[in-house]
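Visitor: I should like to go through a protein model with you and ask, term by term, on what grounds each description rests.

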Amino acid sequence: MSSTSEILDIVLRSSLGKIISRDRIEKVVPFLRLKHWEAGTIIFSEQDPAEGFYVVSKGIVKLLRYRADGREIVVHFAEPTQSFAEAAIFLGRFPVTAVTDTDCELVYLPKSAVMEHLASDPEFSKFLMQLMATWLERLVEQLDTVVQNDASSRVIRFLLNEETPESKKSETRSVQLHFRKADMAQMLNMNQATLSRTLRKLQEEGLIKVKGRSFQLCDPKRLEAMLLPPLE
């Protein structure tokens, strides 16, 4: 059984803790549950009733949809400190399937507790709206990435979006993927062969270096400039 102090510490370090004050979080903590999941476990399926949302403490959760032929369409990977499925509690159902990509530890926030605090706490309402706005922005960026015709532009935009704030301040800018390149290719709407050719091309041009799931951004300014619209 997880202690209240352990759950409080997890939530304070999450996106929730960056927006809501500690005293308000402490009021919610008694309703929260810390759950452990093995890799490859379905947390919820598309169209299941949405009775709460989650904050990732440890591990990676893959959010996906399935095509008619059964193939996966990866929507997003939720990583530590991130929340997911918060908008679903207002839809009443989950629009995606959530599967643990690794062994995971998740904090579960039941819908009943969320609704109770929405009615009495404007700050909590603001937090949920900010979370949903962030999701909308992320999905629009993903759509923008996928519809670009040039494979190099798709890869560059993806890497720049995946870069952490800490990396952007560092002299050696880099991106570390926590998922497979096959998943990256799927998210960019290209096959693995196209992704491999594109990564090789960018390396030959001296723009990036690739080692496993690590990507060094050798010329960030040039990479960013390649995404700008051409001058008319």
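Guide: The conversation below takes up the chain as a whole, then its sheets, a helix, its salt bridges and one serine.

Guide: This is a predicted model, in which local features need pLDDT of at least 70 and side-chain atom pairs count only at pLDDT 80 or more, while totals for chains, interfaces and linings use all residues. Residues are numbered from 1 along each chain as its sequence is written, and side-chain values use heavy atoms, with hydrogens and water left out.

Visitor: How many helices and strands does the chain have, and what makes a segment one or the other?

Guide: There are ten helices and eleven strands in the chain. Both are DSSP runs numbered from the N terminus: a helix is a run of H or I with at least four residues, a strand a run of E with at least two.

Visitor: What share of the residues count as buried, and what does the word require?

Guide: Of the 232 residues, 42% count as buried. Buried means under 20% relative accessible area, exposed means over 50%, and partly exposed lies in between, with a 1.4 Å probe and protein chains only. The surface that the chain exposes is about 12800 Å², of which carbon and sulfur atoms supply 52%; the areas come from the Shrake-Rupley method with a 1.4 Å probe, and for residues only the protein chains shown count as cover.

Visitor: What makes β1 and β8 paired strands?

Guide: Two strands pair if DSSP finds at least two bridges between them. Five bridges join β1 to β8, which run antiparallel, so the pair meets that requirement. One of the bridges sets W37 opposite C104 of β8.

Visitor: To which sheet do these strands belong, and why are β1 and β6 called edge strands?

Guide: They belong to an open sheet of four strands, ordered β1-β8-β3-β6 with antiparallel pairing. β1 and β6 (83–84) each have a single partner strand, so one side of each is left without a neighbour in the sheet. Helix α1 packs on this sheet, where it touches β1, β3 and β8, and its direction makes about 90° with that of β8. Helix α4 (residues 111–120) also packs on the sheet, touching β3 and β8 at about 50° to the direction of β8. For these angles, axes are lines fitted to C-alpha atoms, for helices over the stretch in contact, and angles run from 0 to 180 degrees between N-to-C directions.

Visitor: What is the order of the open sheet that contains β2, and how do you know that β2 and β7 pair?

Guide: The order is β2-β7-β4-β5, again four strands with antiparallel pairing. β2 and β5 (72–78) stand at its edges. β2 and β7 (residues 97–100) share two bridges in the antiparallel sense, and the requirement for pairing is therefore met. F44 has A98 of β7 as its bridge partner.

Visitor: Which residues of helix α1 are buried, and how do you know that they line one face?

Guide: In α1 (residues 4–13), the buried residues are I7, L8, I10 and V11. Seen down the helix axis, they fall within an arc of 165°, so they line one face; the arc is that of the directions from the helix axis to the C-beta atoms. These residues pack against α2 (22–28), β1 (33–37), β3 (52–58) and β8 (104–110), where contact means heavy atoms within 4.5 Å.

Visitor: Why is the meeting of E163 and R173 called a salt bridge?

Guide: A salt bridge is a side-chain nitrogen of Lys or Arg within 4 Å of a carboxyl oxygen of Asp or Glu. For E163 and R173 the N to O distance is 2.8 Å, so the pair qualifies. E163 lies in the loop between α6 (151–162) and α7 (165–169) and R173 in the loop between α7 and β9 (174–176), so the pair ties together parts ten residues apart in sequence. The structure holds eight salt bridges.

Visitor: What makes D183 buried and R180 partly exposed?

Guide: D183 has 3% relative accessibility and so counts as buried, whereas R180, at 43%, is partly exposed. Their salt bridge has its closest N and O atoms 3.1 Å apart.

Visitor: Why is S167 called buried?

Guide: S167 is found in helix α7. Its relative accessible area is 8%, and it is therefore buried. S167 touches R173 and S174, not counting residues up to four places away in sequence.
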